[in-house]
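Colleague: I am new to this one. Can you walk me through how to read it?
Modeller: Gladly. Let us put it on the screen and begin.

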Amino acid sequence: TPGGGSAAALSGALGASLLAMVGGLPKSHAKTEEDTERLAAAQAQCARIADRLAVLVDRDSEAYDMVVAAYGLSKASEEDKQSRSRQIQAALRAATDAPLDVMRACRDAIEQGVVVAELGNRSAASDVQVGLELLLAAQRGARLNVEVNLGMLKDAAYVALVGEEIARLTAAAEHEVTV
């Protein structure tokens with residue numbers, strides 16, 4: 001640790017931070033008081049999301065460590081095997097939830113990034129694009145981690161729900177960036 005999930009969260013934190021930085025620059029493209037308020041709200045939201053993603057760097061690492069520890073448990077008796085299996089499943093669920101939260105945060109930051117792209121300082125347009133690309137890469141990386149863990153989970157209902165959610169999150173983020 002850290003692994004790919006932590007790297008995805010870190011990339012997302014960097015992307016959201018870039019959007020927050022651009023949202024706070026002077027000489028924005030905001031023409032009205034409402035535009036100014038929207039940009040300020042987007043900037044503040046991106047800063048909060050960057051902080052949330054920074055926390056997820058560690059949470060993903062901790063979840064991975066839980067999985068490794070669960071796989072290292074004893075298989076000496078049938079009771080040990082059952083306990084080990086339950087703990088592996090619980091750890092895999094935590095290792096799925098962390099990158100799923102990264103995907104959610106990235107989607108939220110991308111939504112705010114659209115506002116920053118529209119109303120932020122035009123001289124920082126490349127910073128907005130880099131931020132959005134980092135967020136898309138983070139979301140894709142997190143998705144890879146979610147999908148690998150889903151393949152090992154036995155709770156079919158949970159797997160189906162998460163599968164549907166990752167499809168929605170991916171579609172929403174990619175749609176926002178192409179609009």
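Modeller: Start in helix 4, which covers residues 125-150. Glu 147 and Arg 143 are four residues apart there, so about one helical turn separates them. Keep in mind that this is a predicted model.

Colleague: What do Glu 147 and Arg 143 form, and how far apart are the closest N and O atoms?

Modeller: A salt bridge, with those atoms 2.7 Å apart. The general test is a side-chain nitrogen of Lys or Arg within 4 Å of a carboxyl oxygen of Asp or Glu.

Colleague: Is Glu 147 buried or exposed?

Modeller: Neither label fits. Glu 147 has 33% relative accessibility and counts as partly exposed. Arg 143 is partly exposed too, with a relative accessible area of 25%.

Colleague: Which residues are joined into one network by salt bridges that share partners?

Modeller: Arg 52, Arg 107, Asp 108 and Glu 111. Look at one link, between the side chains of Glu 111 and Arg 107. From N to O it spans 3.8 Å. These two are four residues apart in helix 3, so about one helical turn lies between them.

Colleague: How accessible is each residue of that link?

Modeller: Glu 111 has a relative accessible area of 34%, which is partly exposed. Arg 107 is at 21% relative accessibility and is also counted as partly exposed.

Colleague: How many salt bridges does the count come to?

Modeller: It comes to 11 salt bridges. One of them joins the side chains of Arg 59 and Asp 101, at 2.7 Å from N to O.

Colleague: Why does the pair of Arg 59 and Asp 101 tie together parts that are apart in sequence?

Modeller: Check which helix holds each partner. Arg 59 sits in helix 2 (residues 33-71) and Asp 101 in helix 3 (residues 78-119), so the bridge links parts 42 residues apart in sequence. Arg 59 itself is partly exposed, at 33% relative accessibility.

Colleague: Now a single residue. Is Gln 89 buried or exposed?

Modeller: First place it: Gln 89 is in helix 3. Then compare its value with the cut-off, since buried means under 20% relative accessible area. Gln 89 is at 18%, so it counts as buried.

Colleague: Which residues does Gln 89 touch, leaving out those up to four places away in sequence?

Modeller: Met 152, Leu 153 and Lys 154.

Colleague: How far apart are Ala 40 and Val 115, in sequence and in space?

Modeller: Read the two distances separately. They are 75 residues apart in sequence, yet 9.7 Å apart in space, C-alpha to C-alpha. Ala 40 lies in helix 2. At 39% relative accessibility, Ala 40 is partly exposed.

Colleague: Last topic: empty space. How much lies in the largest pocket?

Modeller: The general idea is to roll a probe the size of a water molecule over the atoms, which shows where empty space is left. Here the largest pocket holds about 200 Å³ of space. It has 15 lining residues, and the closest to its centre are Asp 60, Tyr 64, Ala 95, Asn 145 and Asn 149.

Colleague: Which helices supply at least two residues each of that lining?

Modeller: Helix 1 (4-23), helix 2, helix 3 and helix 4. Helix 2 gives the largest share, four residues.

Colleague: What does the lining have by class?

Modeller: Eight nonpolar, six polar and one charged.

Methods: Residues are numbered from 1 along each chain as its sequence is written. This is a predicted model: local features need pLDDT of at least 70, side-chain atom pairs count only at pLDDT 80 or more; totals for chains, interfaces and linings use all residues. Side-chain values use heavy atoms; hydrogens and water are left out. Buried means under 20% relative accessible area, exposed over 50%, partly exposed in between (1.4 Å probe, protein chains only). Contact means heavy atoms within 4.5 Å. On a 1 Å grid over the protein atoms alone, a cavity is a set of points where a 1.4 Å probe fits but cannot get out, and a pocket is an open set with protein on both sides within 12 Å along at least five of seven lines; lining residues have an atom within 4 Å of a point. Grid points are joined across faces, edges and corners, and a volume is the space filled by probe spheres set on the points. Ala, Val, Leu, Ile, Met, Phe, Trp, Tyr, Cys and Pro count as nonpolar, Asp, Glu, Lys and Arg as charged, and the others, Gly among them, as polar.
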